[in-house]
Amino acid sequence: MKKEILLTGDRPTGKLHIGHYIGSLKNRVELQDQYNSFIMIADQQALTDNARNPEKIRNNLNEVALDYLSVGIDPSKVNIFVQSQIPELHELTMHYLNIVTLSRLKRNPTVKNEIKEKNFNESLPIGFLIYPVSQAADITAFKATVVPVGEDQIPMIEQTKEIVRSFNSIYKRDVLIEPNVLLPEKGLGRLPGIDGKAKMSKSLDNAIYLSDSPDIIKKKVMSMYTDPNHIRVEDPGNVENNTVFTYLDAFCSDKLQLEEMKEHYRKGGLGDVKVKKYLNDILQAELEPIRNKRNYYEKHLDFVFEVLKKEV
Ligand code: TRP
């Protein structure tokens, strides 16, 4: 049977962190045998709010490619490619722009949110406002039916479906195919930052990167936000909204042991340092092979460039 087509991507605005790993990268590795997979480094989309900073995007393009290979995305199974290298995507975007209205674009909740966060005010680049249209081109050009993304990307898939319907109805052909969103498993959607803030991000300096050294990982884990009211070891503690436990939920495979620890922590008598050390051991074990693979590919950049240059 012919495999369904999967397409997803990342903006190369920084190295990938363990939030990306838990929320999507790990899953992509699991899906790579099941689908005909396309994974795109969305450099053009990243430029929509980085036009004055192209170096950043260029440098991170390689970093993201290294992150992909290091987590086990296998270029013999998956087509990894760079958005700006496919001129047809930009051509298609121009066609789509004629069937999407400005008011529709302004209503996109994710874009609306980003515009506010980035304080664009009157200096909003048009390219940024229309990136959902270019994303619709990315998805439909490859006839993807499965798009694994985070919840914040649901509006982009909705927009894509609308474009597919309009296009097919106006041009009286069923050329375009409607995609479906594939959301992360419950609880694995978004890992908070080590400071307990909702999102891991470079600007907040609260992320653990796949490429971090063992020392840095340990330092970050030991500085993690826990329950601010859990002061003395014998105090009862809260495991909800406690970043260390949130990470353990995501990374610890021994669920029985984890439940026992939570019980103990709730009752009192289990110190933060002990829990953090436990998490550190688990993270180190998971990230070591990834870092080793990364080191290998950093020494074989020619191979990485070959992968990016391969025709899709
Ligand atoms: N907007 C996505 C993000 O910020 C990246 C992206 C670009 C994408 N094109 C895509 C994701 C197509 C899925 C399909 O994460």
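Q: Which residues line the largest cavity?

A: One word first: this is a predicted model. A cavity is a space where a 1.4 Å probe fits but cannot get out. Here the largest cavity is lined by Pro 75, Val 78, Asn 79, Ile 80, Val 307, Lys 310, Glu 311 and Val 312.

Q: What volume does the largest cavity have, and how many cavities of 30 Å³ or more does the structure hold?

A: The volume of the largest cavity is about 40 Å³, and the structure holds one cavity of 30 Å³ or more.

Q: Which element gives the largest share of that lining, and how do the residues divide by class?

A: Strand S3 (residues 78-82) provides the largest share, three residues. By class, the lining of the largest cavity has five nonpolar residues, one polar and two charged.

Q: Let's turn to the ligand. Which residues come nearest to the ligand?

A: A residue counts as near the ligand if one of its heavy atoms lies within 4 Å of it. The shell here has 13 residues, and Met 40, Gln 45, Gln 135, Asp 138 and Gln 153 come nearest.

Q: How do I read polar contacts here, and which side chain lies 2.7 Å from a nitrogen atom of the ligand?

A: Look for pairs of N or O atoms within 3.5 Å. That side chain belongs to Gln 45, through a polar atom. Gln 153 also has a side-chain N or O atom 2.9 Å from a nitrogen atom of the ligand. For Arg 11, a side-chain N or O atom is 3.4 Å from an oxygen atom of the ligand.

Q: How much of the ligand's accessible area does the protein cover?

A: On its own, the ligand has 370 Å² of accessible area, and the protein covers 89% of that.

Q: Which elements give two or more residues to the shell, and what classes are present?

A: Those elements are strand S1 (5-10) and helix H8 (131-141). In the shell, six residues are nonpolar, five are polar and two are charged.

Q: What about pockets: what is the volume of the second largest pocket, and which residues are closest to its centre?

A: A pocket, unlike a cavity, is an open set of points. The second largest pocket has a volume of about 310 Å³. Its lining has 17 residues, with Ile 22, Lys 26, Asn 27, Glu 185 and Leu 188 closest to the centre.

Q: Which helix gives the most to that lining, and how does the lining divide by class?

A: H1 gives the most, with eight residues. Helix H1 (18-31) and helix H11 (243-251) each supply at least two residues. The lining of the second largest pocket has 10 nonpolar, three polar and four charged residues.

Terms used
Residues are numbered from 1 along each chain as its sequence is written. This is a predicted model: local features need pLDDT of at least 70, side-chain atom pairs count only at pLDDT 80 or more; totals for chains, interfaces and linings use all residues. Side-chain values use heavy atoms; hydrogens and water are left out. A polar contact is a pair of N or O atoms within 3.5 Å; within protein, one must be able to donate a hydrogen and the other to accept it, and residues adjacent in sequence count only if both atoms are side-chain atoms. Accessible areas come from the Shrake-Rupley method with a 1.4 Å probe; for residues, only the protein chains shown count as cover. Helices (H or I, at least four residues) and strands (E, at least two) are DSSP runs, numbered from the N terminus. Ala, Val, Leu, Ile, Met, Phe, Trp, Tyr, Cys and Pro count as nonpolar, Asp, Glu, Lys and Arg as charged, and the others, Gly among them, as polar. On a 1 Å grid over the protein atoms alone, a cavity is a set of points where a 1.4 Å probe fits but cannot get out, and a pocket is an open set with protein on both sides within 12 Å along at least five of seven lines; lining residues have an atom within 4 Å of a point. Grid points are joined across faces, edges and corners, and a volume is the space filled by probe spheres set on the points.
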